[in-house]
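Please go through this structure and explain the terms used for it. For each term, say what the label rests on.

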Amino acid sequence: MADAEKTDAAVSLKGLRKTFGEVRAVDDLTLNIAPGEVVALLGPNAAGKTTTMEMLLGLTTPDSGEIELFGRSPRRAAADGLVGAMLQSGGFLGEMTSREIVQVMAAQYPKAMKVDDAIARAGVTKYAKLKYSGLSGGQKQRTRFAAALVCDPDLLVLDEPTVAMDVQSRQEFWAAMRDYTTAGRTVVFATHYLAEAQDFADRVVLMRHGKIVADGSVDAVVAKVDGRTIRATVEGASVELLNALPGVGTAQLRGEQAELHCSDSDAALRALLADHPRARDISVTAMSLEDAFVALTADEPVMEEV
Ligand SMILES: Nc1ncnc2c1ncn2[C@@H]1O[C@H](COP(=O)(O)OP(=O)(O)OP(=O)(O)O)[C@@H](O)[C@H]1O
């Protein structure tokens, strides 16, 4: 990205590296996020998502590289109330009520929103007077959300925000987030729920081994992986032979259920039917975000036989 554009970025990460002993958690990562973008950080376990977010927030120091949030250092941006965060690590004092927790956060910022507004937006009102230690996992998550929101930040950083929430809580959470982002705020969130990325993010950044392997809209990321998926019930097939079919990239076989990720699904289907004329329940589908995720983050071609 050009320098002129970079200074306008909500988030600018340049050449970030972080190692823990032998592990390269984040490996030369460069990423610019414009104000108003909602970005999902995706990747398998240990891809480096949390480490990236912790560096972005100034909680971990990179070995090398540069970080700017709205043209400021992460600590300056946080002190100025520009950033709200909801992380997996760290907790609150169990003896405090949700309301007290949000109040304490609000007291740190001169331009914080009203405590009751943050509590209402995060859906905490009903149990705001209960002690944090007695809350369910999902209620704790919502309290953290209220605490992140109360400084009325321009940038929200959320690490697996809905992890302990039930389906209804999750829906309410994303509805609250939509309200928040319609005002043009920037959000970076990590999730293992690809549907959340699909429904909510303008842009997905897919990480693997500390590097970015795909970056763009869901459609653009899915389009990075050629082809379609053929699913069929096939008797007497072997995964090696399915993998050897023309047009097949990777094949999985679970019992008689074959799943072929294809670069040329027409050629693959013709060959499959030639070899297995009794193949049945055949479907051919375009790649999903999940297919693209697997294809782009797998260490080895997926070859499973059960
Ligand atoms: N404080 C630490 N000490 C040692 N190793 C660490 C530390 N923090 C992270 N790592 C390692 O760095 C790598 C990246 O971890 P990170 O938590 O950033 O991944 P992640 O993508 O957030 O994973 P997950 O989806 O499981 O939350 C992992 O191999 C992890 O074990």
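The questions below take the chain, its domains, one sheet and the ligand shell in turn.

Q: How do you know which residues are meant, and what kind of model is this?
A: Residues are numbered from 1 along each chain as its sequence is written. The model is predicted, and local features need pLDDT of at least 70, side-chain atom pairs count only at pLDDT 80 or more, while totals for chains, interfaces and linings use all residues.

Q: What makes a stretch of the chain count as a helix or a strand, and how many are there?
A: Helices are DSSP runs of H or I with at least four residues, strands are runs of E with at least two, and both are numbered from the N terminus. By this rule the chain has twelve helices and 13 strands.

Q: What makes a residue buried, and what percentage of the chain is buried?
A: A residue is buried if 20 or more other C-beta atoms, placed from the backbone, lie within 10 Å of its own. Of the 306 residues in the chain, 41% are buried.

Q: How do you know where domain 1 and domain 2 lie, and which elements of domain 1 touch domain 2?
A: The bounds come from an automatic or database domain assignment, which gives 3–222 for domain 1 and 225–297 for domain 2. Contact requires C-beta atoms, placed from the backbone, within 7 Å; 13 residues of domain 1 are in contact with eight residues of domain 2. On the domain 1 side, α8 (194–200), β8 (203–208), β9 (211–216) and α9 (218–224) each supply at least two residues.

Q: Why are β2 and β4 called edge strands?
A: Two strands pair if DSSP finds at least two bridges between them. The open sheet has the order β2-β1-β4, with antiparallel pairing. β2 (23–33) and β4 (64–69) each have a single partner strand, so one side of each is left without a neighbour in the sheet.

Q: What makes β1 and β4 a pair?
A: Five bridges join β1 (residues 11–20) to β4, and at least two are needed for a pair, so the two strands qualify. V11, for one, has L69 in β4 as its bridge partner.

Q: What makes a residue part of the shell around the ligand, and which residues are in it?
A: The C-beta atom, placed from the backbone, must lie within 6 Å of the molecule. Among the residues surrounding the ligand are F20, V23, A25, N45, K49, T50 and T51. α2 (49–56) gives the most, with three residues.

Technical notes:
Buried ≥ 20, exposed ≤ 12 C-beta atoms within 10 Å, placed from the backbone. Contact = placed C-beta atoms within 7 Å.
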